[in-house]
Amino acid sequence: GRVRGRGPLALPSRGRSNVRTARSAAAGETAPFRLIQHKHEAWWFYRYLSQVYDHVVNPGHWTKDMREDALEPALLHVAHKRRLSPLKVIDVGGGTGFSTTGIVEAGVPAENVTLVDQSPHQLEKARKKPQLKGCTIEEGDAENLRFETNTFDRYVSCGSIEYWPDPQRGIVEAFRVLKPGGLACMVGPVHPTHWLSRFMADAWMLFPTEQEYLDWFRAAGFTSVKLKRIGPKWYRGCRKHGLIMGCSVTGVKGLSAEGESPLELGEMAENRQTKKAGWFTTLLRVILGSLAGFYYFVIPVYMWLKNLVLPKSVKFT
């Protein structure tokens with residue numbers, strides 16, 4: 001199989017076949033700002049958020065119960081229960097290792113798990129976790145993985161797609177690095193319908209619709225594509241504000257699908273850019289994007305208080 005470096009993808013172009021995140025274009029609206037849906041801005045965003053990620057972000061958006069629920073469709077436990085050869089798993093965008101810990105706890109030996117993230121600050125936290133001792137932990141780009149084609153039995157990515165400039169390309173890479181018969185599981189945000197939440201989400205980062213996830217997976221070549229809704233228990237099923245961790249999407253690389261995705265993409269968007277953003281622009285995007293993101297630190301508290309006060313018979317819609 002071919003090993004990918006960190007340069008542009010060497011794939012012939014058929015035009016930009018990016019099954020669209022362009023809800024707005026279809027509706028004739030202005031494209032969302034998505035101030036931190038860029039690798040450089042996301043690097044700086046996590047430079048500071050990594051200090052409190054496990055203690056501030058996860059309790060409101062990505063609990064242990066949610067992690068178990070989201071990873072269940074990945075069938076990580078199958079080999080362990082059936083006493084088969086251990087699965088080889090890659091966790092892309094695994095950050096501080098919260099999702100990676102869930103993979104290990106599901107029965108995958110740590111030495112069979114590879115954690116990749118672009119943030120050295122997040123990975124520093126992951127390396128300190130005793131549960132991940134034995135895991136391969138390294139920096140990498142979700143849209144341009146360095147691994148050979150047909151390498152892993154499972155591809156997992158939780159809470160990473162929202163920062164990918166080209167989500168379709170990242171899912172194409174998921175297909176490529178999986179072995180035939182392998183399964184991809186992607187956990188990520190879902191787009192809100194409430195007007196204020198929608199504005200804040202679109203100002204912050206990528207919040208795909210459920211249909212976009214399904215379209216991206218199918219376009220990449222995955223079969224048996226399924227979506228499972230997840231969310232904090234205290235939301236009582238409310239989804240109008242969107243969710244940072246709102247769905248778990250799975251797809252299978254067919255047994256006869258050895259090799260790369262049938263979807264061919266051109267050069268990476270960031271490599272086509274001739275003018276890089278200056279430090280002031282980057283700083284402004286990080287600050288404004290973080291302010292929009294702060295709204296999503298308030299929402300879980302609001303929902304928790306609402307759940308505490310209102311009778312259990314009341315549904316949140």
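**Exercise 1. Determine the handedness with which α4 passes α6, and describe the packing of the two helices.**

Solution. Helix α4 passes helix α6 in a right-handed crossing, where right-handed means that the near helix is turned clockwise from the far one by less than a right angle, and left-handed that it is turned anticlockwise. This is a predicted model, in which local features need pLDDT of at least 70 and side-chain atom pairs count only at pLDDT 80 or more, while totals for chains, interfaces and linings use all residues. Residues are numbered from 1 along each chain as its sequence is written, and side-chain values use heavy atoms, with hydrogens and water left out.

Two packed helices are described by the angle between their axes and the distance between the axes. For α4 (residues 64-71) and α6 (residues 98-105), the axes come within 10 Å and cross at roughly 60°; the axes are lines fitted to C-alpha atoms over the stretch in contact, and angles run from 0 to 180 degrees between N-to-C directions. Helices are DSSP runs of H or I with at least four residues, strands are runs of E with at least two, and both are numbered from the N terminus.

The next step is to list the contact, which means heavy atoms within 4.5 Å: α4 contributes K64, R67 and L71, and α6 contributes F98, S99, T101, G102, I103 and E105. By class, the contact of α4 with α6 has 3 nonpolar, 3 polar and 3 charged residues, where Ala, Val, Leu, Ile, Met, Phe, Trp, Tyr, Cys and Pro count as nonpolar, Asp, Glu, Lys and Arg as charged, and the others, Gly among them, as polar.

**Exercise 2. Describe how α8 packs against α10, and name the residues of α10 that are buried.**

Solution. Helix α8 (residues 167-177) meets helix α10 (residues 210-220) at an angle of about 50°, and their axes are 9 Å apart. That angle makes α8 oblique to α10, since angles under 35 degrees count as roughly parallel, over 145 as roughly antiparallel, 65 to 115 as roughly perpendicular and the rest as oblique. The crossing of α8 and α10 is right-handed.

On the α8 side the contact is made by P167, Q168, I171, V172 and F175, and on the α10 side by W216, F217, A219 and A220. The residues of this contact of α8 with α10 comprise 8 nonpolar, 1 polar and no charged.

Within α10, the buried residues are E212, Y213, L214, W216, F217 and A220; buried means under 20% relative accessible area, exposed over 50% and partly exposed in between, with a 1.4 Å probe and protein chains only. After α10 comes G221, whose phi is positive, near 115°.

**Exercise 3. Work out how α9 packs against α12, and which aromatic cluster includes W204.**

Solution. Helix α9 (residues 195-204) and α12 pack at an angle of about 135°, with 8 Å between their axes, which makes α9 oblique to α12. Here α9 passes α12 in a left-handed crossing. The contact involves L196, S197, M200, A201, A203 and W204 of α9, together with G289, A292, G293, Y295, Y296 and I299 of α12. Sorted by class, the contact of α9 with α12 holds 9 nonpolar, 3 polar and no charged residues.

W204 belongs to one aromatic cluster with F207, Y295 and Y296.

**Exercise 4. Classify the ring pair of F294 and F297, and say how exposed each residue is.**

Solution. A search of the whole structure finds 11 aromatic pairs, a pair being rings of Phe, Tyr or Trp (its six-membered ring) with centres within 6.5 Å, where planes under 30 degrees apart count as stacked, over 60 as edge-to-face and the rest as tilted. The ring centres of F294 and F297 are 6.5 Å apart and their planes lie at 25°, so the pair is stacked. The two residues are 3 apart in helix α12 (residues 279-309), and therefore about one helical turn separates F294 and F297. F294 is exposed, with a relative accessible area of 53%, whereas F297 is partly exposed at 23%.

**Exercise 5. Decide whether M303 is buried or exposed, and list the residues that it touches.**

Solution. M303 lies in helix α12 and, at 0% relative accessibility, counts as buried. Leaving out residues up to four places away in sequence, M303 touches W234, Y235, C238, H241 and F316. Its C-alpha atom is separated by 9.7 Å from that of G60, although M303 and G60 are 243 residues apart along the chain.
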